Amino acid sequence: MKDSQVSQANLIGGEWAASSHSRSNINPSDTDDVIGQYSSADADTVDAAVAAARSAFPAWAAAGPQARHDLLDAVGSELLARKEEIGRFLAREEGKTVAEAIGETARAGQVFKFFAGEALRVAGDAQPSVRPDIDVEVTREPVGIVGLITPWNFPIAIPAWKVAPALAYGNCVVLKPADLTPGCAHVITELLHRHGCPPGVFNLVMGPGSTVGEAIIAHPGIDAISFTGSAGVGARIAETCGRLRKKVQVEMGGKNPMVVMDDADLDTAIQTCLNGAFFSTGQRCTASSRLIVQRGIHDAFVEALSREMTALKVGDALDTTTQIGPVVDERQLASNLDYIELARGEADAVIGGERLELEKPGFYQAPALFLGTDNGMRINREEIFGPCASVIEVADFDEALAVANDTEFGLSAGICTTNLKHANTFRRHVQAGMVMVNLPTAGVDYHVPFGGRKGSSYGAREQGRYAVEFYTTVKTSYISAG
Ligand SMILES: NC(=O)C1=CN([C@@H]2O[C@H](COP(=O)(O)OP(=O)(O)OC[C@H]3O[C@@H](n4cnc5c(N)ncnc54)[C@H](OP(=O)(O)O)[C@@H]3O)[C@@H](O)[C@H]2O)C=CC1
Ligand SMILES: O=C(O)CCC(=O)C(=O)O
């Protein structure tokens, strides 16, 4: 145990509430480094959080835009001012590189600032009625109490992009972060608390999804659920919320295609694929896991990508020379290694993919490239969520587009090409919520909608001004002079 180890509590009704159970938060780059003990909530804690949120809701819903703006703006400013310190903490907790973690922290700060502005811009509609002497007004009201369930792979940005719009539009929040990475959500909680968030408006309940998450989903006092995570859990949550008549938004996995055409600039294609497939240790729902490469460029592409991939430095997330941090935990690493073993049977060849033993005890894996694969293989159907990508060779543009769309997912899709017709046709016909031309499939802006189609997403889009659709409900009023 190190000196920096802390003991962190949940926040219920504006009070820090330690539980009798806690969980050790472990650094995946160095499993001897215990970051702290984080309280584990239970169903009673969830009850208390929901009761606090319900009693705070009328005043917060009526608080008006200035108070909401000021709170979110203050949190955003502090995240930006402290992005390096908080970013290093994120790298230590989750394992992405310091540069990526500082970038993610800045993104969380920008998200809070963006929704501070949006709190001032909640607009309605005034329309004439089709009947004489009647006015119609369409206004937006908060949904109520929202339960937010977040994953470990963006431990500060995803809580930020759910919490900030929820509060901006006048909702009260119960947040359950991933049990692997509660520390970053705790940082946001501490900032909201210190910058004067009224008691009960925001509540933090840490602990496992199987107990705390389930209690949030089932709770009759929660009006809406926003979830990001695996496809299986997301689908079950959407079904349960449908049955319970709760508003729901689920963001799940991807099997994102990156098409490389013969006319692509090879350097652009290599940098785009390296980033999209392997950066952030491949632990992004937007990662490019299927590299669909046209025959004429295939051999040069494979040669250059293999060379660049094997040169990537895997190591301690806190070492600034590291390019690929560790996998988040032993379970995810074991799952990646199982897929790599499967690839040894399915693909013609596998480059990399070994477990690495480095100086510190951590969950290190060499990036893996699967060659000579086809789109029907399991490695090309299931989300792996590690630094692993397949190459699928195709004859022409039509085949590339058909392979890109032949998946149950539809989150992000990309194409590397210098041909405007290919770029435009791909943009129009690819079945994905986000399309990238000569850019990695991962790494998105904070002020525009984020989300997918088919098995990747269900419900209204997240982020940007489109977030208003999920976090508000519309009321249509008819007014006659009488
Ligand atoms: N789309 C994305 O961004 C992400 C996708 N994934 C995918 O999911 C796989 C597994 O990762 P994992 O972290 O286990 O993803 P999960 O879907 O299990 O976790 C996401 C969040 O949901 C919670 N949760 C889990 N089970 C339930 C439940 N029954 N009811 C309510 N909440 C629940 C988790 O809690 P807790 O973890 O605390 O128990 C966590 O907060 C990855 O390998 C990857 O394929 C994972 C993370 C992000
Ligand atoms: O690619 C990004 O910038 C965001 C990815 C993301 O939200 C996720 O992996 O959950």
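Let me start with a definition. A residue counts as buried when 20 or more other C-beta atoms lie within 10 Å of its own, as exposed when there are 12 or fewer, and as partly exposed in between. Take Lys454. Lys454 has 16 C-beta neighbours inside 10 Å, so Lys454 counts as partly exposed. Keep that scale in mind. And a caution: this is a predicted model.

Let's stay with Lys454 for a moment. Where does Lys454 sit? In the loop between β21 and β22. Its phi is near 50 degrees, which is positive, and the residue is not a glycine. For background, most residues other than glycine have a negative phi.

There is another residue to show you here. Asn438 also has a positive phi without being glycine, with a value near 60 degrees. Asn438 lies in the loop between β21, residues 434-437, and β22, residues 457-458. Is Asn438 buried or exposed? Neither: Asn438 has 16 other C-beta atoms within 10 Å, so Asn438 is partly exposed.

Now a glycine. Gly451 is found in the loop between β21 and β22. Gly451 has 21 other C-beta atoms within 10 Å, so Gly451 is buried. What does Gly451 touch? Leaving out residues up to four places away in sequence, Gly451 touches Glu251, Gly433, Ser457, Arg461 and Glu462. Compare a position elsewhere in the chain. Gly200 is 251 residues from Gly451 along the chain, and their C-alpha atoms are separated by 29 Å.

Next, the cores. How many residues does the largest nonpolar core have? It has 80. Val173 and Val174 have the most contacts inside that core. Look at Val174. Setting aside residues up to four places away in sequence, Val174 touches Val46, Ala49, Val50 and Ala53. Val174 also touches Ile145, Gly147, Asn203, Val205, Ile216 and Ile222. There is a second, separate core of 61 residues. Phe301, Ala343, Phe370 and Ala389 are among its members. The general background is simple: in soluble globular proteins, nonpolar side chains tend to be buried together.

One of the contacts of Val174 was Ile216. That residue is one of the buried residues of helix α7, which spans residues 209-218. The others are Gly209, Val212, Gly213, Ala215 and Ile217. What do the buried residues of α7 pack against? Two helices, α1 at 43-61 and α8 at 231-244. And three strands: β8 at 145-149, β9 at 172-176 and β11 at 224-228.

On to helix pairs. Two packed helices are described by the angle between their axes and the distance between the axes. Start with α3, residues 83-94, and α4, residues 98-119. Their axes come within 8 Å and cross at roughly 120 degrees. The two helices are therefore oblique to each other. The crossing of α3 past α4 is right-handed. Which residues meet? From α3, Lys83, Glu84, Ile86, Gly87, Arg88, Leu90 and Ala91. From α4, Val98, Ala101, Ile102, Glu104, Thr105, Ala106 and Gly109. By type, the residues of this contact are seven nonpolar, three polar and four charged.

Helix α3 has another partner, α6, residues 182-194. Here the axes come within 9 Å, and the crossing angle is roughly 155 degrees. That makes α3 roughly antiparallel to α6. On the α3 side we have Ile86, Phe89, Leu90 and Glu93. On the α6 side, they meet Gly183, Cys184 and Val187. The breakdown for α3 with α6 is five nonpolar, one polar and one charged.

Two last residues. Ile340 is in helix α11, residues 330-346. Ile340 has 23 C-beta neighbours inside 10 Å, so Ile340 counts as buried. Beyond residues up to four places away in sequence, Ile340 touches Val350, Gly353, Ala368 and Cys388. Asp374 is 34 residues from Ile340 along the chain, with 15 Å between their C-alpha atoms.

Finally, Glu354. Glu354 lies in the loop between β15, residues 349-352, and β16, residues 355-356. Buried or exposed? With 12 C-beta neighbours inside 10 Å, Glu354 counts as exposed. And how does Glu354 relate to Val174? These residues are 180 apart along the chain, and their C-alpha atoms are separated by 40 Å.

Note on methods
Residues numbered from 1 in each chain as written. Chains lettered and ligands numbered in written order. Predicted model: local features only at pLDDT ≥ 70, side-chain atom pairs only at ≥ 80, totals over all residues. Core = buried A, V, L, I, M, F, W, Y, C linked by C-beta atoms within 7 Å. Contact = placed C-beta atoms within 7 Å. Axes fitted to C-alpha atoms, helices over the stretch in contact; angles between N-to-C directions. Helix = DSSP H or I, 4+ residues; strand = E, 2+ residues; numbered from the N terminus. Parallel < 35°, antiparallel > 145°, perpendicular 65-115°, else oblique. Left-handed = near helix turned anticlockwise from the far one by under 90°. Nonpolar A, V, L, I, M, F, W, Y, C, P; charged D, E, K, R; others polar.
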